[in-house]
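I opened this notebook to keep track of what I looked up in the structure. The entries follow the order in which I went through it.

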Amino acid sequence: MISASGLAAQFTELVLAMLLAPLLTGWVNQCRAWLQSRSAPPILQPYYVLAKLFRKDVVLAHNASPLFRVAPYLILGVIALAAAVVPTLGTDLPMNAAADAIALVGLLAMARLFIALAAMDVGTAFGSLGARREMLVGFLAEPALLMVLFTASLISNSTSLATIVETLAHKELVIYPSMAFAGVAFTMVSLAENARIPVDNPATHLELTMIHEAMLLEYSGRHLALMEWAASLKLFVYSGIGLALFFPWGVAGGGDALGIVLALPVLILKLAIGGVLLALIEMLSAKMRIFRAPEFLGIAFLLGVLSMLLHVLLER
Amino acid sequence: MLALHFAPLLAKYGPQLINLLAAGLLLLSFAMLTQRRILSLINLFAMQGFVLFLSTALVAWLTWQPHLFVSAALTLALKVIALPWILHRLIRRLNVKWDVETLLNIPSTMLVGIVLVILAFNLALPISNLAGTVTRATLGIALASVLLSFLMMITRSKAVPQVIGFLAMENGLFFAATGAVYGMPMVIEFGVALDVLVGALILGIFLFEIRERFDTVDTRHLERLKEER
Amino acid sequence: MGAPVSLEMLCLLGSPLLGGAVLALFGHRRYAAELNVAFSAFTLLAAASLVVRIVADGPLTDWNEQFFVDSLNVFLVALTAFVATTTALFSRPYMRIERDHGRVTDAGMRLYHCMYQLFTFAMLLVLTTNNLGVMWVAMEAATFTTVMLVALYRTHASLEAAWKYFILCGVGIAQALMGTILVYFAAEKALGAGAGTLLWTHLDAVKDQLEPTVLSIAFVFLLIGYGTKVGLVPLHNWLPDAHAEGPTPVSAVLSGLLLNVALYALVRCKVITDGALERPFASALLMGFGLASVAVAALFLSRQRDIKRMFAYSSIEHMGLITFAFGMGGPVASFAGLLHMTMHSLTKSAIFFAVGHASQKAGTQVMDEIRGLIRVNPTVGWGLMLGTVAILGMPPFGVFASEFLILTTAIAQHPWATPILLLSLGIAFASIFGKVQPMVFGETTARRLPHPPALIPVFTHLALVLVLGLYMPRYLADWYRMAAKLIG
């Protein structure tokens with residue numbers, strides 16, 4: 001049943017995600033600068049960068065295929081779709097019938113696939129380097145993410161994110177050790193997937209240490225703007241998933257407009273705190289060498305599996 | 001006053017807290033399995049002892065068994081204070097701080113660890129169902145912890161991590177005893193604690209001797225007595 | 001507190017404990033060895049009086065039910081005390097020579113004598129305690145003392161052997177603790193919590209009420225744990241090294257006593273498990289492990305070049321045979337098992353005494369380098385030859401009688417096992433005899449040495465084995481039969 005308020009909530013969520021994502025990135029950068037005792041760029045800096053890039057011309061390589069030109073739009077579209085699935089404001093979303101947690105992971109995988117393909121498309125060394133490393137990280141991060149989502153699904157008996165949020169928000173306070181483990185695993189996976197320290201440094205200039213940035217080297221103009229926007233949106237999506245699984249209180253259940261309006265400041269508050277924590281983690285860790293990334297993600301996978309096992313053992 | 005406020009809260013969330021502590025114990029066992037620095041191994045071992053102390057004290061409070069308080073105090077004295085101190089002194093004098101290679105690489109070790117955990121959970125399930133304690137679900141975790149310490153002993157090449165694995169195994173057994181049967185009779189507990197202490201001391205003495213004779217505490221050098229002699 | 005301790009028990013356990021304390025202080029003096037013998041002899045006296053009391057009055061429960069002595073463990077107590085005394089006698093000149101050669105220091109001698117007595121104490125405690133938990137603690141204590149003893153010479157090889165011994169047995173014993181916890185868990189339902197729940201007599205009374213699943217899992221853990229100390233394959237890796245690298249008296253008590261005591265602990269647990277389970281689960285496990293030990297040991301025997309290692313594998317083989325016999329169960333097999341425990345203990349220790357002297361004179365333990373003992377030192381040569389012949393199961397020595405009984409029971413009840421047993425025993429016979437024969441009768445250019453060896457222990461043991469093989473006194477046979485009935 002698609003209700004009008006559901007549609008409104010869905011639309012609001014999508015627009016909000018697209019608009020707030022660069023703000024989140026700007027906030028994280030500002031927190032990082034504060035923690036490192038240097039002066040930060042203005043919090044709206046990402047918007048200025050996007051505006052600047054949209055105005056510029058696109059420069060394409062001779063041998064760029066149509067895939068390369070379509071890829072940025074495709075990637076942004078897929079991640080926006082993923083953002084539509086994640087319940088950040090309300091749980092009565094029309095998309096819920098179509099997509100659950102597993103489909104969400106699939107959408108993110110599709111985005112990753114296209115980024116990698118487009119990076120290899122032009123045939124430069126750094127593009128292929130970045131694509132290979134991204135696939136390595138994704139290959140290990142995806143099972144870990146799935147395990148975390150399965151743990152939450154086992155607790156709420158459904159893979160639909162909306163149901164998970166509703167179940168977890170309305171249960172009385174129970175200490176779930178499995179969710180504690182799953183939380184740590186999820187943090188590790190999001191750090192890896194969003195190209196954050198300790199897996200990848202988003203501010204690096206050294207191509208040989210890049211994973212995500214290396215894939216963006218060939219883009220320019222509005223294509224680059226779209227890719228940067230997509231990266232911020234991905235961070236937003238992961239934060240949304242994390243909040244939905246581990247801190248689901250405040251999300252409006254059902255379709256009352258008042259609940260959705262009230263959920264907005266709660267969301268902003270939670271994202272702000274999340275941004276500070278992310279900056280803290282980034283500051284306290286050092287970037288690790290590439291060959292340690294499998295170990296890191298192996299530990300995340302392990303914690304995910306453990307959380308599932310613990311749920312079966314302790315919480316039945 | 002504070003206790004009065006906390007008491008009903010503790011009673012309600014007690015079993016969940018115990019489950020949380022058990023999960024923490026399992027996590028610490030895995031962390032010990034994948035740890036390379038011997039110094040952090042000892043600290044993890046001390047943390048494991050502390051988690052054990054907390055859970056024993058909690059069970060003692062929830063079920064009002066006075067001998068468990070004594071047991072918890074013994075754990076604190078022995079496993080959180082005495083043994084880590086002995087171990088720290090040992091590695092300082094032996095000058096081993098790092099265990100550079102393990103016999104199996106770390107991701108594979110973790111995979112084998114997961115398999116062992118599943119095995120342990122399966123094995124403990126029929127016993128858990130029969131237990132009448134508030135902590136029966138933790139028996140599987142205790143058994144898993146024992147098996148993981150055993151794995152740690154096998155995959156290490158230096159002698160000190162093997163010793164720590166041995167002591168961690170005893171931690172797991174103690175947790176099993178607390179979980180399944182609210183602790184063994186006191187005389188047994190004392191005997192076991194004494195054994196552990198004496199064992200650690202003897203191992204310490206041995207490590208010195210080995211260090212003097214072999215100039216290393218890498219146990220791969222201790223493989224000359226093979227069959228083909 | 002309950003009834004006071006009986007005098008026999010007090011002397012039995014107090015003597016070695018006191019001896020350990022005294023020898024810790026004076027173990028390096030010239031008269032330390034004599035003190036050692038004196039304490040062991042006193043323990044033997046206490047054991048003898050305990051035997052008399054059990055034979056007269058039946059099973060004894062002592063000190064608030066903490067100790068329990070019946071015909072099963074009293075004969076082991078007597079055996080332990082006897083072999084401990086004769087070994088102390090043997091060790092007197094042996095260790096003196098070792099010390100003169102500089103292989104042991106003063107501090108080492110103190111450690112040796114102190115640990116020797118404490119080891120005796122630990123073993124006697126395992127044998128006489130009624131409490132499964134105390135049994136575990138004492139077994140662990142016995143491990144510690146022997147580890148210190150094996151490492152006595154502080155050479156590369158002995159440290160390695162002691163380290164391997166400690167780690168392997170430590171891990172094993174930890175499994176046994178898990179098993180004990182599970183037994184306590186099962187017993188709590190029938191007997192309630194408290195210190196009385198782990199008492200073997202209480203468990204024996206309610207064994208049919210114990211949960212079968214829990215008991216079967218517990219028995220597996222206990223088998224792995226105590227089975228490591230018995231030297232059952234595949235947990236036997238520590239045994240050859242520990243025997244080869246420790247001083248000879250230690251090898252003698254390891255083979256002769258510790259293995260027996262560990263098997264006793266296993267048998268006590270088996271009795272409880274059999275009562276709880278309907279099916280022959282424990283028996284099948286014991287038979288399987290026993291058979292595997294016999295076969296594997298026989299195969300490894302033929303490849304050994306060090307004489308002590310060879311006889312260590314022979315110990316594994318014989319313990320496997322005894323385990324197999326206890327696994328088969330029934331009056332005849334259990335009787336044969338108990339008899340074999342005695343015979344093996346006496347014979348193996350005698351062999352180790354002779355081997356000790358032989359290797360001490362030759363300065364090496366490698367068999368190829370020892371030749372013509374009969375010429376160099378006739379008593380050692382004959383002792384070794386007779387001991388070997390005895391352990392290989394030749395009549396009229398007692399080992400033949402027990403092996404014969406085990407084999408005939410196997411043929412009757414488990415014919416599939418008989419070819420394996422016969423083959424293994426045959427291989428062992430060929431290997432050992434083939435190696436010992438040139439050692440004793442081979443050509444040598446060495447002169448006859450004037451050292452008077454202390455061979456009274458060797459010939460005493462062998463004489464006992466011979467006598468018991470030819471004629472078993474009525475009361476002894478009854479005693480074994482009663483003990484066998486307790487095993488079921």
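**Entry 1, a leucine in a loop.** I began with C:L210 and listed its contacts, leaving aside neighbours within four places in sequence: these are C:A186, C:A187, C:A190, C:L215 and C:A276. Here two residues are in contact if their C-beta atoms, placed from the backbone, lie within 7 Å. The model is a predicted one, in which local features need pLDDT of at least 70 and side-chain atom pairs count only at pLDDT 80 or more, while totals for chains, interfaces and linings use all residues. Residues are numbered from 1 along each chain as its sequence is written, and chains are lettered from A and ligands numbered from 1 in the order in which they are written.

I placed C:L210 in the loop between α7 (200–205) and α8 of chain C, where helices are DSSP runs of H or I of at least four residues, strands are runs of E of at least two, and both are numbered from the N terminus. C:L210 counts as buried because it has 23 C-beta neighbours inside 10 Å; the cut-off is 20 or more other C-beta atoms within 10 Å for buried, 12 or fewer for exposed, and partly exposed in between, with C-beta atoms placed from the backbone. I also noted that C:F185 is 25 residues from C:L210 in sequence, with 9.6 Å from C-alpha to C-alpha.

**Entry 2, where chain C meets chain B.** I found 37 residues of chain C in contact with 37 residues of chain B. On the chain C side, α5 (132–150), α6 (156–191) and α8 (212–230) each supply at least two residues, and the largest share, 18 residues, comes from α6(C). Sorted by class, that side has 24 nonpolar, five polar and eight charged residues, with Ala, Val, Leu, Ile, Met, Phe, Trp, Tyr, Cys and Pro counted as nonpolar, Asp, Glu, Lys and Arg as charged, and the others, Gly among them, as polar.

**Entry 3, where chain A meets chain B.** Here 16 residues of chain A are in contact with 19 residues of chain B. Two helices of chain A, α7 (177–193) and α11 (293–314), each supply at least two residues of this side, and α11(A) gives the largest share with 11 residues. By class I noted 14 nonpolar, one polar and one charged residues on the chain A side.

**Entry 4, chain A as a whole.** Chain A has 11 helices and zero strands. Its radius of gyration, taken over C-alpha atoms, is 19 Å, which agrees with the value near 20 Å for a compact globule of 316 residues; the rule is 2.2 Å times the number of residues to the power 0.38. The C-alpha trace spans about 55 × 45 × 40 Å along its principal axes, and buried residues make up 49% of the chain. Of the contacts between residues at least 6 apart in sequence, 83% join residues at least 24 apart.

**Entry 5, backbone details.** Which residue of the loop between α7 and α8 (212–215) of chain A follows a cis peptide bond? I found the cis bond from A:I197 to A:P198, with omega near 15°. In that loop I also looked up A:A195, which has a positive phi of about 60° although it is not a glycine and is buried, with 22 other C-beta atoms within 10 Å.

In chain C, the bond from C:P395 to C:P396 is cis, with omega near 5°, and C:P396 sits in the loop between α15 (378–391) and α16 (398–413). C:R154, in the loop between α5 and α6 of chain C, has a positive phi near 55° and counts as partly exposed, with 15 C-beta neighbours inside 10 Å.
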